[in-house]
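This report looks at how some helices pack against one another, and then turns to the cysteines and to the annotated spans. The sequence and the structure come before the details.

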Amino acid sequence: MIDVCIALLPACVFGVVNFGFRALLVLAVSVTSCILFEYFYERGMHKKITVGDFSAVVTGLLLGMNLPSTIPIWMVILGSAFSIIIVKQLFGGLGQNFMNPALAGRCFLLISFAGQMTKFTYDGVTGATPLAVLKNGGEVSVLKMFLGTTGGVIGETCTIALLAGGIYLIIRKVIAPTIPLIYIGVFSAFILVFGGHGFDLEYLAAHLCGGGLMLGAFFMATDYVTSPVTTGGKVIFAALLGILTGLFRIYGNSAEGVSYAIIFCNLLVPLIEKITVPKAFGVVKEKKNKEAV
């Protein structure tokens, strides 16, 4: 968990530089409220206090990074409560949650307060995200998207910072590259085939750099609890993520799609693991020794 926090720091720092003090406030409130909700829930339920495992910190960081810097603070606290209490603790705590808590909190806020969750301000100007502009037929700067100097949620804009964090996690062997690489690869193929722009690499690059794809691929799709443990399961899981993200972006009303794709696939993990668990070769019967009377 500490390694994940370290890996998220470059994108967090850039988000604060990009969006100002308000972004720092959102991140701080998100992390603090997640820690406090976990502590007081466990204390009230007379359970073992687990805030020291840093899982609540990671949830708070990921939730804050998935929020716009302009969101009201009380909504940040509400999202933290939903993530920690409803999705994590009521299902048994760390290791028992059926979907990624941070993404569940984000989607809860997005459904409940769509206006506030889709209001993005960059450099004093309120406007749509680059992917929304692209979806409506406009032109975007891939270089700005890669460097992060665009509007969006706090932690999704700087692709280079997210890639650096993802590579750090792979080098530290915190995550395996299987899910991120297959996810990105299948999604890329989907965009090239069904995106309506042919073999347009600039169009593909814009999709790869926007909408939180890198944040989702390296930091949320690889969550130990809500992703498969079998090798075949990881391949199926990642491929489904790529297809669903492409479907949501190209044919859906949303320009993003990553959050919903990951949550939907989280729900499919038990079924994926059921069909990919290796079968034992042969059967061994236990021999019973009978003593002569």
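In this predicted model, the axes of helix 2 (residues 21–44) and helix 4 (residues 73–88) come within 9 Å and cross at roughly 35°. Axes here are lines fitted to C-alpha atoms, for helices over the stretch in contact, and angles run from 0 to 180 degrees between N-to-C directions; helices are DSSP runs (H or I, at least four residues), and strands are runs of E of at least two, both numbered from the N terminus. The model is predicted, and local features need pLDDT of at least 70, side-chain atom pairs count only at pLDDT 80 or more, while totals for chains, interfaces and linings use all residues. Residues are numbered from 1 along each chain as its sequence is written, and side-chain values use heavy atoms, with hydrogens and water left out.

Helix 2 also packs with helix 3 (residues 55–65), and their axes come within 8 Å and cross at roughly 145°. The table sets out the two pairs, with contact meaning heavy atoms within 4.5 Å.

| Pair | Axes within | Crossing angle | Contact residues by class |
|---|---|---|---|
| Helix 2 and helix 4 | 9 Å | roughly 35° | 12 nonpolar, 3 polar, 3 charged |
| Helix 2 and helix 3 | 8 Å | roughly 145° | 10 nonpolar, 5 polar, 1 charged |

In these classes, Ala, Val, Leu, Ile, Met, Phe, Trp, Tyr, Cys and Pro count as nonpolar, Asp, Glu, Lys and Arg as charged, and the others, Gly among them, as polar. On the side of helix 2, the contact with helix 4 includes Arg22, Phe37 and Tyr41, which meet a set in helix 4 that includes Ile73, Ser80 and Lys88. In the contact with helix 3, the residues of helix 2 include Leu27, Val31 and Ile35, and those of helix 3 include Thr59, Gly60 and Met65.

Which cysteines form disulfides? A search of the whole structure finds 0 disulfides (pairs of cysteine sulfur atoms within 2.5 Å). For Cys107, the nearest cysteine sulfur is that of Cys265, 13 Å away. Cys107 is buried (under 20% relative accessible area, with a 1.4 Å probe and protein chains only), at 6%, and Cys265 is buried at 0%.

An unreviewed UniProt entry lists residues 6–37, 49–67, 142–171, 178–197, 203–221 and 233–252 as "transmembrane region"; such annotations may be inferred rather than shown by experiment. Residues 142–171 are 63% helix and 0% strand, with end C-alpha atoms 27 Å apart, whereas residues 233–252 are 95% helix and 0% strand, with end C-alpha atoms 26 Å apart.

Conventions. Buried means under 20% relative accessible area, exposed over 50%, partly exposed in between (1.4 Å probe, protein chains only).
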